[in-house]
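I am opening a notebook page on this structure, and I want to go through its charged pairs before turning to one loop residue.

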Amino acid sequence: MKKLLVAGVAVVAAVTGCGAHDNGSKIPRTASGSLEQLAHTAGCRPDIQTDADELRQANCGKGSGRYVLATFATDRGQAEWLDAADDYGGTYLVGRKWIVVGADRVVTELRGRLGGTVERSSSHHSMSSGGGGREEGARTGHSGHH
């Protein structure tokens, strides 16, 4: 599992970006389902990159609209993945047992389809003023995931 987490985080680090703000649209109830169901809701034809029992990961979109969608078998697996990803920085849309990683603009747009909470890694903004953090409604920690 550890190798899958590190490999997944390394791939995801390549598609992250900064710069967009919340578009003010109404956020739907957080989506749930398989990777394919979530991809359909997001409007993606998933290109599966990892297909393991504990982690499924697909690339979606093209160019600057590219993002990664990952689903997890357990809450703990998701929490471990997020902990590992924090070292790489990035913007994440987080639901129960799924994560989307992409540029701020892409994550914000997908939140309008998938719901969830937006999280920004503090490492992602460590060199800029303002720091990172979590948007309103985001998880405040990993309690309950161990």
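With which residue does Arg105 form a salt bridge? I looked this up in the model, which is a predicted one, and found that the partner is Glu109, with the closest N and O atoms 3.3 Å apart. I then checked where the two sit, and both Arg105 and Glu109 lie in helix α4, four residues apart, about one turn of the helix. Arg105 has a relative accessibility of 34%, so I noted it as partly exposed, and Glu109 is partly exposed as well, with a relative accessible area of 43%.

Next I looked up Arg120, which forms a salt bridge with Asp104, the closest N and O atoms being 3.5 Å apart. This pair links distant parts of the chain, since Arg120 belongs to strand β6 (residues 117-120) and Asp104 to helix α4 (residues 104-114), 16 residues apart. I recorded both Arg120 and Asp104 as buried.

My third entry is on Asp51, which forms a salt bridge with Arg56, where the closest N and O atoms are 2.8 Å apart. Asp51 has a relative accessible area of 58%, and I therefore wrote it down as exposed. For the whole model, I noted a count of six salt bridges.

Last, I turned to the backbone and looked up Lys97, which is placed in the loop between β4 (91-95) and β5 (98-102). The phi of Lys97 is near 65 degrees, a positive value in a residue other than glycine. With 27% relative accessibility, Lys97 counts as partly exposed, because that value falls between the 20% limit for buried and the 50% limit for exposed.

Conventions:
Residues numbered from 1 in each chain as written. Predicted model: local features only at pLDDT ≥ 70, side-chain atom pairs only at ≥ 80, totals over all residues. Heavy atoms only, no water. Buried < 20%, exposed > 50% of the residue type's maximum accessible area, 1.4 Å probe, protein only. Salt bridge = Lys/Arg side-chain N within 4 Å of Asp/Glu carboxyl O.
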